[in-house]
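Visitor: I'd like a close look at a single part of this protein, the pockets, along with whatever strands help to place them. Could you walk me through it?

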Amino acid sequence: MPLNDNATLVVGAGNYLTAPVGTSLPGDLLVPVSPWANVGHTSLEDVFGITSEGGEATTIGTLQNQSLRTKYSARTETMTFTLQQFDKDALRLYFGANAPELPDGTIGVPAKPEPTKAAFLAVFIDGENHFALYAPKAEIYRADDMAISDTESLAGLPLGVKPMTYGSNTWTYAVTPLGGTIATGASAGSPGAYTPTGAAPAANLAALASIIADPTTAWTAGQYVVLGDGSNAYWDGTNWAAGTAS
């Protein structure tokens, strides 16, 4: 693996956002638009973490080869961060999506809490670099007990985000690599290619808006480019469209 200085990350700022389950990754990660919504203020000290359960290795062998192969159990991962906002939406993320608002305006803590189900996006900013984690479906609920330990620090609500498999996906969440070349153009083909050479594919259809099609006339039948979300798109002579040219 070659050294790539542009692939290093020092987090200077960041945001955590939710949207309805199945919402696509926004075309501009730095300015995500509705239905993506920020969850609120979060901890500067406990920025982010990923814990996991499972993934244990079991060695399977035969009489002739006692270490023939290794089998791994399923792994479940949980993203964690601390929310430092105590409004109604934030409290429901921690205490349960089914927490009712009572007649006096307080939020009731349910006896059988249900996690919030939503698409989840975390974006970390490092100067001109940005790194994101995206789950089209996740369950959000408390990750730890709340503790208010002093009178000088902001109190927090520790949250856990469990990415779930969505639809026919074989993955639970996606991450954006750093140090890649940004695509400025896309040439027709079956599939087509992004330019300059080695450029990363557009994340989704919306992200193609800033990419110039080659040729600029309508692409012919069977031509397309593959997007980062696994779908296809083509140039119809005026706009980028989902699918394959026909």
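Guide: Gladly! Let's start with the second largest pocket, whose lining residues divide into 7 nonpolar, 6 polar and 4 charged. Please keep in mind that this is a predicted model, and that totals for linings use all residues. The space in this pocket comes to about 350 Å³. Its lining is made up of 17 residues, and those closest to the centre of the pocket are Asp 46, Gln 84, Ser 153, Leu 154 and Gly 156.

Now for the strands, beginning with strand 6, which covers residues 75–83. Strand 6 pairs with strand 3, residues 49–54, in the antiparallel sense, and 6 bridges hold that pairing. If you want a residue pair to find on screen, take Ile 50, whose bridge partner in strand 6 is Met 79. Strand 6 also runs antiparallel to strand 9, residues 157–163, and 5 bridges join these two. Here you can look for Thr 80, which stands opposite Gly 160 in strand 9. As a general point for reading such strands, side chains in a regular strand alternate between the two faces of the sheet.

Let's move on to the largest pocket, with a volume of about 1300 Å³. There are 40 residues in its lining, and Leu 29, Thr 176, Ala 200, Pro 201 and Ala 203 lie nearest its centre. Three elements give two or more residues each to this lining: strand 8 (129–142), strand 10 (174–175) and strand 11 (181–182). Of the elements, strand 8 gives the most, with 4 residues. By character, the lining of the largest pocket divides into 22 nonpolar, 15 polar and 3 charged residues.

One more stop is an open sheet of 3 strands, in the order 13-12-15 and with mixed pairing. Its edge strands are strand 13 (193–195) and strand 15 (212–214), each of which pairs on one side only. On average, neighbouring strands of this sheet are turned by 25 degrees against each other, with direction ignored. Strand 12, residues 185–187, pairs with strand 15 in the parallel sense over 3 bridges. To find that pairing in the model, pick Ser 187 and look across to its bridge partner in strand 15, Asp 214.

To go back to where we began, the second largest pocket has 4 charged residues in its lining, and the lining of the largest pocket has 3. Asp 46 is among the residues closest to the centre of the second largest pocket, and you could begin your own tour there.

Conventions: Residues are numbered from 1 along each chain as its sequence is written. This is a predicted model: local features need pLDDT of at least 70, side-chain atom pairs count only at pLDDT 80 or more; totals for chains, interfaces and linings use all residues. Side-chain values use heavy atoms; hydrogens and water are left out. On a 1 Å grid over the protein atoms alone, a cavity is a set of points where a 1.4 Å probe fits but cannot get out, and a pocket is an open set with protein on both sides within 12 Å along at least five of seven lines; lining residues have an atom within 4 Å of a point. Grid points are joined across faces, edges and corners, and a volume is the space filled by probe spheres set on the points. Ala, Val, Leu, Ile, Met, Phe, Trp, Tyr, Cys and Pro count as nonpolar, Asp, Glu, Lys and Arg as charged, and the others, Gly among them, as polar. Two strands pair if DSSP finds at least two bridges between them. Axes are lines fitted to C-alpha atoms, for helices over the stretch in contact, and angles run from 0 to 180 degrees between N-to-C directions.
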